[in-house]
Amino acid sequence: MVLKYVSLSLLICMLLGCGEKKLEKERFSYSMPVIHLDSSIEFFKSDFAIISYGDITMYELPYWESFSKNDSLISETSAYEYFVFRNNDKDGYLVKRLEDTIKQKANKDSLLSLRAYYHNNFDSTLSLKNSHTIEAGTNGRFTIKYLKPNPFVDSIAAYFDVSKKNLKYRLAPKLDSIFESKLYKVVFWQSAKALLNKDKIDTPLLVSFEVKPEEITNPQPLYKFLDHFIEITQTSKKDL
């Protein structure tokens, strides 16, 4: 039975110490400004997480959003749903909660392209053919800076760290390969004057994207759900 299989899997992991080592989690976060007609600025922020478990990937897709205006928080909500799939499959399954029945099927490319920047990257934007400088840091870290890459962006900073090479989410696969490192953060400085011809706005508008590892503090519900997903997808190729 599935429950016996799950319990045995958890017991083996606890006894042998495999625990979190079998699970890896990363969080992708981004922030961008929203400019109103009265020149006030809000910052839209959101994120999602990617959980890896062997040949299974699960995206933790939040309804989490926060809006701030003139440095004051306006609203914030938090709720998550999960999209799980085998890495070689075209489709996956969406559940609102880990306790829910796995039955709502969705196309992987369509859903993740809409909600998780799937197949998008910064290789073209951060092409080394563009004018740039490289600033060396310490412990395998360095930053590539681009000045005035186009009329609407004042500068771009791309942050690399060799210690983050194991991150699975790739912001720039080609650059990662060239430098044998990992791009983990990109920040754009935009000119509001140039972008919207608003002389009143002098503050640079920051747009940022970042991916970083995240500790899994309570792995048991994830093991239970993912082991159940493996069991039912191994025993049947039919729609759930």
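Okay, let's start with a term: when I say pocket, I mean an open set of grid points where a 1.4 Å probe fits, with protein on both sides within 12 Å along at least five of seven lines, and its lining residues have an atom within 4 Å of a point. Keep in mind that this is a predicted model.

So, the largest pocket in this one. Its volume is about 410 Å³. Who lines it? Sixteen is the count you want, so 16 residues, and Y59, Y118, K168, Y169 and R170 are the ones that lie nearest the centre. In terms of chemistry, the lining splits into seven nonpolar residues, seven polar ones and two charged ones. Two strands to look for here are β2, residues 41-53, and β3, residues 56-62, since each of them gives at least two residues to that lining.

Let me zoom out for a second. The protein chain has 240 residues, and 43% of them count as buried. On the secondary structure side, you'll find five helices and 13 strands. And if you take the contacts with a separation of 6 or more, 52% of them are between residues 24 or more positions apart.

Now, the inside. As a general thing, nonpolar side chains in soluble globular proteins tend to be buried together. Here, the largest nonpolar core has 36 residues, and the members touching the most other members are Y59, F83 and L126. You've met Y59 already, as one of the residues nearest the centre of the pocket. What does L126 contact, once we leave aside its neighbours within four places in sequence? That would be Y146, I156, A158, L175, L183 and V186. There's also a second, separate core, this one with 19 residues, including L23, M58, V84 and I102.

Next, a residue I'd like you to click on: D227. You'll find D227 in helix α5, which runs over residues 220-235. Is D227 buried or exposed? The relative accessible area is 2%, and the cut-off for buried is under 20%, so D227 is buried. The side chain of D227 also has a partner, because N or O atoms within 3.5 Å can count as a polar contact, and the side chains of D227 and Y53 are joined by one of 2.6 Å.

Let's move on to some loops. N121 sits in the loop between α2 (108-115) and β9 (133-136). With a relative accessible area of 36%, N121 is partly exposed. Which residues does N121 contact, again leaving aside neighbours within four places in sequence? They are R170, L171, A172 and P173. Take L171: N121 and L171 are 50 residues apart in sequence, yet their C-alpha atoms are 5.0 Å apart in space. Closer to home in the sequence, a polar atom of the N121 side chain lies 2.9 Å from the backbone nitrogen of D123.

Last stop, two more loops. A79 is in the one between β5 (72-77) and β6 (80-86), and at 31% relative accessibility A79 counts as partly exposed. R97 is in the loop between β7 (91-95) and β8 (104-107), and R97 is exposed, at 51% relative accessible area. How far apart are R97 and A79? C-alpha to C-alpha, they are 9.7 Å apart in space, with their positions 18 residues apart in sequence numbering. For A79 and K96, the values are 9.0 Å in space and 17 residues in sequence.

That's my tour, thanks.

Key. Residues numbered from 1 in each chain as written. Predicted model: local features only at pLDDT ≥ 70, side-chain atom pairs only at ≥ 80, totals over all residues. Heavy atoms only, no water. Core = buried A, V, L, I, M, F, W, Y, C linked by side-chain atoms within 4.5 Å. Buried < 20%, exposed > 50% of the residue type's maximum accessible area, 1.4 Å probe, protein only. Contact = heavy atoms within 4.5 Å. Helix = DSSP H or I, 4+ residues; strand = E, 2+ residues; numbered from the N terminus. Polar contact = N/O pair within 3.5 Å; in protein donor to acceptor, adjacent residues only side chain to side chain. 1 Å grid on protein atoms, 1.4 Å probe; cavity = no way out; pocket = protein on both sides within 12 Å on 5 of 7 lines; lining within 4 Å. Points joined across faces, edges and corners; volume = space filled by probe spheres on them. Nonpolar A, V, L, I, M, F, W, Y, C, P; charged D, E, K, R; others polar.
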